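I opened a notebook for a chain that was new to me. These entries record what I looked up, in the order I looked.

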Amino acid sequence: LREAAILHCDIRGFSKLAAKIDPTAIMQILAEYQKKMVKVLHRYGGSIDKFLGDGILASFGATAPSNTYAADAMQAAEAMFI
């Protein structure tokens, strides 16, 4: 048993976008988004639990103990907007 932080992120408006754009283009957008977000999450010690379409579920401090899990999750969330 340990304390951890969970972070979920997704692309705002993705479903509407996916309905309007070619499937190949959507897959390219999704692949690029996931590539960038995974790098950010890993940089701050996050572990990817699963991909949910355009969503990513990550944890901080769950797979390895961390005294800074909450701060790490907040820094990762902030870095996603830069």
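What volume does the largest pocket have? I looked this up before anything else. The model is predicted, and its largest pocket has a volume of about 190 Å³.

**Entry: the pocket lining.** I listed the residues that line the largest pocket: L7, C9, D10, I11, R12, Y33, M37, A77, M80 and F81. The elements giving two or more residues to this lining are β1, residues 5-9, and α2. I then sorted the lining by type and got eight nonpolar residues, two charged ones and no polar ones.

**Entry: the chain as a whole.** I went back to the overall layout. I found three helices and three strands in the protein chain. Reading along the sequence, I noted the pattern β-α-α-β-β-α. The C-alpha trace spans about 45 × 25 × 15 Å along its principal axes. The chain has 82 residues, and 33% of them count as buried. For the accessible surface I wrote down about 5700 Å², with 57% of it belonging to carbon and sulfur atoms. I also checked contacts between residues at least 6 apart in sequence: 55% of these join residues at least 24 apart.

**Entry: the core.** Which residues of the largest nonpolar core touch the most other members? The core holds 18 residues, and the ones I was after are L7, C9, Y33, L41, I56, F60 and M80. At least two residues of this core come from each of β1, α2, β3 (55-60) and α3 (69-79). The largest share, six residues, is supplied by α2. I add a general remark here: in soluble globular proteins, nonpolar side chains tend to be buried together. Comparing my two lists, I see L7, C9, Y33 and M80 named in the pocket lining and again among the core residues with the most contacts to other members.

**Entry: I56.** I took one of those core residues and looked up its contacts. Not counting residues up to four places away in sequence, I56 touches L7, H8, C9, Y33, Q34, M37, L41, I48, K50 and F51.

**Entry: Q34.** Is Q34 buried or exposed? Its relative accessible area is 19%, so Q34 counts as buried, the cut-off being under 20%. Q34 lies in helix α2, which runs over residues 23-43. Leaving aside neighbours within four places in sequence, I found Q34 in contact with F51, G53 and I56.

**Entry: F14 and S15.** Both residues are in helix α1: I looked up F14 and then S15, with the helix covering residues 14-20. F14 is buried, with a relative accessible area of 11%, whereas S15 is exposed at 59%. Beyond residues up to four places away in sequence, F14 touches I26, L30 and D54. From S15 to D54 I noted 8.9 Å, C-alpha to C-alpha, with their positions 39 residues apart in sequence. For F14 and K36 the C-alpha distance is 16 Å, and they are 22 residues apart in sequence.

**Entry: R12.** Where does R12 lie? R12 is in the loop between β1 and α1. I had already listed R12 in the lining of the largest pocket. R12 has a relative accessible area of 83%, so it counts as exposed, for which the cut-off is over 50%. R12 and D54 are 42 residues apart in sequence, and their C-alpha atoms are 9.2 Å apart in space.

Conventions. Residues numbered from 1 in each chain as written. Predicted model: local features only at pLDDT ≥ 70, side-chain atom pairs only at ≥ 80, totals over all residues. Heavy atoms only, no water. Helix = DSSP H or I, 4+ residues; strand = E, 2+ residues; numbered from the N terminus. Buried < 20%, exposed > 50% of the residue type's maximum accessible area, 1.4 Å probe, protein only. Contact = heavy atoms within 4.5 Å. 1 Å grid on protein atoms, 1.4 Å probe; cavity = no way out; pocket = protein on both sides within 12 Å on 5 of 7 lines; lining within 4 Å. Points joined across faces, edges and corners; volume = space filled by probe spheres on them. Nonpolar A, V, L, I, M, F, W, Y, C, P; charged D, E, K, R; others polar. Core = buried A, V, L, I, M, F, W, Y, C linked by side-chain atoms within 4.5 Å. Areas by Shrake-Rupley, 256 points an atom, 1.4 Å probe, with all protein chains shown as cover.
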